[in-house]
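Here is the note promised on the model, set out as numbered points. It begins with a question about packing and then turns to the individual chains and the DNA.

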2 protein chains.
Amino acid sequence: MKLSSRSEYGLRAMVELAQSYGSGPLALADIARAQGLSEGYLEQIIAPLRRAGLVLATRGVKGGYTLAASPKSITAGQIMRALEGPLDLIECASEYGSESSCKRELACGSRRLWLKLRDSIVDVLDSTTLADLCTGDSTPGDKKEKPRHVGVLAGQ
Amino acid sequence: MKLSSRSEYGLRAMVELAQSYGSGPLALADIARAQGLSEGYLEQIIAPLRRAGLVLATRGVKGGYTLAASPKSITAGQIMRALEGPLDLIECASEYGSESSCKRELACGSRRLWLKLRDSIVDVLDSTTLADLCTGDSTPGDKKEKPRHVGVLAGQ
DNA sequence: TTGAATACCTACCAATCTACTAGGGATTAT
DNA sequence: ATAATCCCTAGTAGATTGGTAGGTATTCAA
């Protein structure tokens, strides 16, 4: 159930970039310093984000990275897919069909849970933008939050 | 983003037990055979479920495992917590407070996402029972299935 | 034109985790 | 007593994680 640090660091880097959006490129070293991350490792993490077209790089002396679009139009889902591949907790419940596996039982009881879980995760990730993670309040633009029995969850 | 096979196998075993609920103990070897799992490995997986009080074991000749309660009253959340520990994707967004970490920033932007995600996951897991995974239809009490692009999932 | 600052790439590595296997001990119905 | 079962611990090959190291390419500025 643990997320790899790739996602954690990658998202933190993107939030950092979102916060300085509009102020020109931010050097890798600056991001790493600001977030307390290893520069070399962060470099490997930001590469897939660039390849996915989420950040732009400019080389040379005043170079660095910038968001490829406004923080409002980049979702956590895009970032996670770039870093982790298709969103799925399990082979047979991937967002994009995995024909191969699950020959065993398509009507497999437990698969139902993984599908529900995946949908729920995809829903959260795709409805959260970088802007949502930067503003002071914690509510995204459209509030389609269903009033579930949240609130029992101790701790802010 | 991948779940360990512990959870997958553990849940499958529990579904198997749920399906034979009321028919006496089911031997480990039978569960393993029915689900196509390694017996030795499954043994290690079912142990924490027993320690968590979710299944009961009876030794001896006609022994085996039974659910400790009705499938309706055992949730996926209980099973996952027994197998994976506290539900969290990341240290600083655990369900039970982790004071230690995250000295960096409690108002950390990215943390907001992990909390939302965790809440969403906890919500799904705690609202799904074993009975939900055994019945013919795929709807638990409330039906909130969004019509996503499922159906692409090519059947075997 | 040179130099420095940056991004970009590949290979390597130690430690940990995963998914088992092996083998024996404890308990119980027959 | 015996066989069937659960129970426990240790080992292990391979993959993954979280990096480090070292070099190349590109750009700006003097």
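Against which elements of chain A do the buried residues of H3(A) pack?

1. The model discussed here is a predicted one, and the opening question can be answered element by element. The buried residues of H3(A) pack against helix H1 (5-19), helix H2 (28-35), E1, E2 and H4 of chain A. The residues of H3(A) that are buried are Leu42(A), Ile45(A), Ile46(A), Ala47(A), Pro48(A) and Leu49(A). With 13 residues, H3(A) reaches 18 Å from its first C-alpha to its last, which is close to the 18 Å expected at 1.5 Å a residue. After H3(A) comes Gly53(A), whose phi is positive, near 80 degrees.

2. For orientation in chain A as a whole, there are six helices and two strands, and from the N terminus on these elements run α-α-α-β-β-α-α-α. Chain A has 156 residues, of which buried residues make up 47%, and its accessible surface comes to about 7600 Å², with 52% of that belonging to carbon and sulfur atoms. Where contacts in chain A join residues at least 6 apart in sequence, 59% of them are between residues at least 24 apart.

3. Helix H5 deserves a look in both chains. In chain A, H5(A) has 18 residues and reaches 27 Å from its first C-alpha to its last, close to the 26 Å expected at 1.5 Å a residue. Because 17 of the 18 residues of H5(A) are buried, this helix is largely enclosed by the rest of the structure. In chain B, helix H5 (residues 109-126) likewise has 18 residues, and its reach of 26 Å is close to the 26 Å expected; H5(B) is mostly covered, with 16 of its 18 residues buried.

4. Two loop residues of chain A may be examined alongside H5. Glu95(A) is found in the loop between helix H4 (76-84) and H5, and it counts as buried because its relative accessibility is 8%, where the cut-off is under 20%. The side chain of Glu95(A) makes a polar contact of 2.8 Å with the side chain of Arg81(A), and it also reaches the backbone nitrogen of Leu87(A) at 2.9 Å. Although Glu95(A) and Asp119(A) are 24 residues apart in sequence, they are 8.5 Å apart in space, C-alpha to C-alpha.

5. The second of these residues, Thr129(A), lies in the loop between helix H5 (109-126) and helix H6 (130-134) of chain A. Thr129(A) is buried, with a relative accessible area of 13%. When residues up to four places away in sequence are not counted, Thr129(A) touches Pro71(A), Lys72(A), Ile74(A) and Thr75(A).

6. Turning to the nucleic acid, DNA strand C is surrounded by 25 residues, the closest being Leu28(A), Glu43(A), Ser38(B), Gln44(B) and Arg59(B). Of the atoms of DNA strand C within 4 Å of the protein, 64% belong to sugar or phosphate, and the rest belong to bases. A polar side-chain atom of Arg50(A) lies 2.9 Å from a phosphate oxygen of this strand, and one of Ser5(B) lies 3.0 Å from a phosphate oxygen of DNA strand C, whereas a polar side-chain atom of Gln44(B) lies 2.4 Å from a base oxygen.

7. The surface near DNA strand C draws on both chains: helix H3 (39-51), strand E1 (55-58) and strand E2 (64-67) of chain A, together with helix H1 (5-19) and helix H3 (39-51) of chain B, each supply at least two residues. The largest share, four residues, comes from H3(A). By class, the residues of this surface divide into nine nonpolar, 11 polar and five charged.

8. DNA strand D is surrounded by 25 residues, and the closest are Ser38(A), Gln44(A), Arg59(A), Leu28(B) and Glu43(B). Sugar and phosphate account for 64% of the atoms of DNA strand D that come within 4 Å of the protein. An N or O atom in the side chain of Gln44(A) is 2.4 Å from a base oxygen of DNA strand D, a polar side-chain atom of Arg59(A) lies 2.8 Å from a sugar or linking oxygen, and a polar side-chain atom of Glu43(B) lies 2.8 Å from a base nitrogen. The elements that give two or more residues to the surface near DNA strand D are H1 and H3 of chain A together with H3, strand E1 (55-58) and strand E2 (64-67) of chain B, and H3(B) gives the most, with four residues.

How values were computed. Residues numbered from 1 in each chain as written. Chains lettered and ligands numbered in written order. Predicted model: local features only at pLDDT ≥ 70, side-chain atom pairs only at ≥ 80, totals over all residues. Heavy atoms only, no water. Buried < 20%, exposed > 50% of the residue type's maximum accessible area, 1.4 Å probe, protein only. Contact = heavy atoms within 4.5 Å. Expected span 1.5 Å × (residues − 1). Near = heavy atom within 4 Å. Polar contact = N/O pair within 3.5 Å; in protein donor to acceptor, adjacent residues only side chain to side chain. Nonpolar A, V, L, I, M, F, W, Y, C, P; charged D, E, K, R; others polar. Areas by Shrake-Rupley, 256 points an atom, 1.4 Å probe, with all protein chains shown as cover.
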